Amino acid sequence: MRARAARCPARITLRQLEPPAPFHRFHEHFAIDLPGARAVFTTRRGGHSDGPYASLNLGLNTEDDPVTVGRNRATLSALVGAPLATVHQVHGTVIHELREPLAPEPPPDGDGLLITRAGSAPAVLVADCLPVVVAAPGALAVLHAGWRGLAGGILAAGVAAIRELEPTGAVAAAIGPGAGRCCYEVGPDVAAAFAGYGDEVLAGRALDLKLIARRQLERAGVDEVHDIGLCTICSDPGLLYSHRRDGGVTGRQAGVGWLTEDASGPAERWPS
Ligand SMILES: [Zn+2]
């Protein structure tokens with residue numbers, strides 16, 4: 001697929017790492033503060049990998065050296081001040097509640113992690129799929145949402161899981177960098193999965209995953225939805241990994257979140 005950068009609405013270059021408010025810069029990455037929580041969407045900067053994986057590749061399910069990926073994960077963990085927890089992503093809708101700081105090893109199959117305590121940083125790994133973080137005071141979910149996950153309802157499942165644990169209080173969500181409508185062309189089978197959304201999400205063959213995500217979050221009762229508005233496919237290739245742009249040989253960036261306060265009070269450490 002040829003990237004059509006001229007149509008991409010938001011261009012952030014390597015030198016200008018300022019995302020649109022209320023997102024803000026976090027080291028060489030992007031962050032947003034949600035109720036009682038913070039979400040970070042990583043770029044590919046500041047890691048140890050080389051070649052097509054340069055440099056902060058967080059995906060073990062690539063051809064990159066797993067030892068180097070481990071170093072990259074440790075680098076991110078140090079930045080966010082908590083151990084990362086991941087799942088083995090399968091483009092489904094299963095969300096695991098994390099009751100201990102670390103996910104079980106090997107990570108269970110699933111596409112979301114839910115926490116109610118500070119002290120861990122659940123993460124999903126993406127390179128065109130949408131990373132979505134949903135938070136209410138005292139509960140946070142990190143969700144992996146490609147077209148299959150969206151069609152299956154993972155976002156509504158994440159919001160429902162949070163509401164079950166935290167029935168009151170505002171819920172907010174952040175959509176990180178992913179394939180934009182400027183570049184994400186799909187075939188009729190994928191388009192048909194979203195026929196109920198009408199013309200606003202499909203222009204020719206271009207599917208608007210982020211608008212679908214926004215509509216699903218709104219319908220699920222999320223009070224505020226923030227979209228960073230960055231397309232992985234046509235953004236600066238030095239900034240974000242894109243599976244489609246790079247023909248599948250690429251790394252993975254993360255959507256990661258953590259609670260800044262929980263039922264026991266403010267977290268001891270709030271990295272800035
Ligand atoms: Zn684009």
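# Briefing: two sheets and their helices

In this predicted model, helices α3 and α5 pack at an angle of about 35°, and their axes lie 9 Å apart. The crossing of α3 past α5 is right-handed. On the α3 side the contact is made by Leu155, Ala156 and Val159, and on the α5 side by Ala213, Gln216 and Leu217. Below you will find the sheet these helices pack on, then a second sheet with its covering helix, and finally some backbone details to look at.

**The sheet under α3 and α5**

- Six strands make up this open sheet, in the order β5-β6-β9-β8-β10-β13, and their pairing is mixed.
- The edges are β5 (95-97) and β13 (224-227); each has a single partner strand, so one side of each has no neighbour in the sheet.
- From one strand to the next, the twist averages 15°.
- Within this sheet, β6 (residues 112-115) pairs with β9 (residues 139-145) in the antiparallel sense, over four bridges.
- Ile115 is a handy place to see that pairing, as it stands opposite Leu140 in β9.
- Helix α3 (residues 154-165) packs on the sheet and touches β5, β6, β8 (130-136) and β9, with its direction at about 170° to that of β9.
- Helix α5 (residues 209-219) lies across β8, β9, β10 (172-175) and β13, and runs at about 165° to β13.

**The sheet that contains β14**

- Another open sheet of six strands has the order β1-β2-β3-β14-β7-β4, also with mixed pairing.
- Here β1 (24-26) and β4 are the edge strands; each has a single partner strand, so one side of each is left without a neighbour in the sheet.
- Three bridges hold the antiparallel pair of β1 and β2 (residues 29-34), and Arg25 stands opposite Phe30 in β2.
- Strand β14 has antiparallel partners on either side in the strand order: five bridges join it to β3, and four join it to β7.
- To trace these pairings, start from Leu259 of β14, the bridge partner of Ala37, and then go to Gln253 of β14, the bridge partner of Val126.
- How many of the seven residues of β14 are buried? Seven of the seven are, so to speak, under cover.
- Gln253, Gly255, Gly257 and Leu259 point one way from β14, while Ala254, Val256 and Trp258 point the other way, and all of them are buried.

**Helix α1 and what covers it**

- Helix α1 (residues 66-80) has 15 residues, which at 1.5 Å a residue should span 21 Å; the end C-alpha atoms are 21 Å apart, in agreement with that figure.
- Which residues of α1 are buried? They are Val69, Asn72, Arg73, Leu76 and Val80.
- These buried residues cover an arc of only 100° around the axis, which puts them on the same side of α1.
- An α-helix has 3.6 residues a turn, so residues three or four places apart point the same way.
- Exposed residues Val67 and Ala78 sit on the face of α1 turned away from its buried side.
- The cover over the buried residues of α1 includes β3 (37-41), β4 (84-85), β7 (121-126) and β14 (253-259).
- Just after α1 comes Gly81, with a positive phi of about 75°.

**Backbone details to look at**

- Ala21 and Pro22 are joined by a cis peptide bond, with omega about 10°; Pro22 is in the segment before β1.
- A cis peptide bond also runs from Ala54 to Ser55, with omega near -10°, and Ser55 is in the loop between β3 and α1.
- His27, in the loop between β1 and β2, has a positive phi near 55° and is not a glycine.
- Is His27 buried or partly exposed? With 18 other C-beta atoms within 10 Å, His27 is partly exposed, as the buried class starts at 20.
- Asp128, in the loop between β7 and β8, likewise has a positive phi, about 135°, although it is not a glycine.
- Asp128 has 24 other C-beta atoms within 10 Å and is therefore buried.

Note on methods
Residues are numbered from 1 along each chain as its sequence is written. This is a predicted model: local features need pLDDT of at least 70, side-chain atom pairs count only at pLDDT 80 or more; totals for chains, interfaces and linings use all residues. Helices (H or I, at least four residues) and strands (E, at least two) are DSSP runs, numbered from the N terminus. The expected span of a helix is 1.5 Å times one less than its number of residues. A residue is buried if 20 or more other C-beta atoms lie within 10 Å of its own, exposed if 12 or fewer, and partly exposed in between; C-beta atoms are placed from the backbone. The arc is that of the directions from the helix axis to the C-beta atoms. Two residues are in contact if their C-beta atoms, placed from the backbone, lie within 7 Å. Two strands pair if DSSP finds at least two bridges between them. Axes are lines fitted to C-alpha atoms, for helices over the stretch in contact, and angles run from 0 to 180 degrees between N-to-C directions. A crossing is left-handed if the near helix is turned anticlockwise from the far one by less than a right angle, and right-handed if clockwise.
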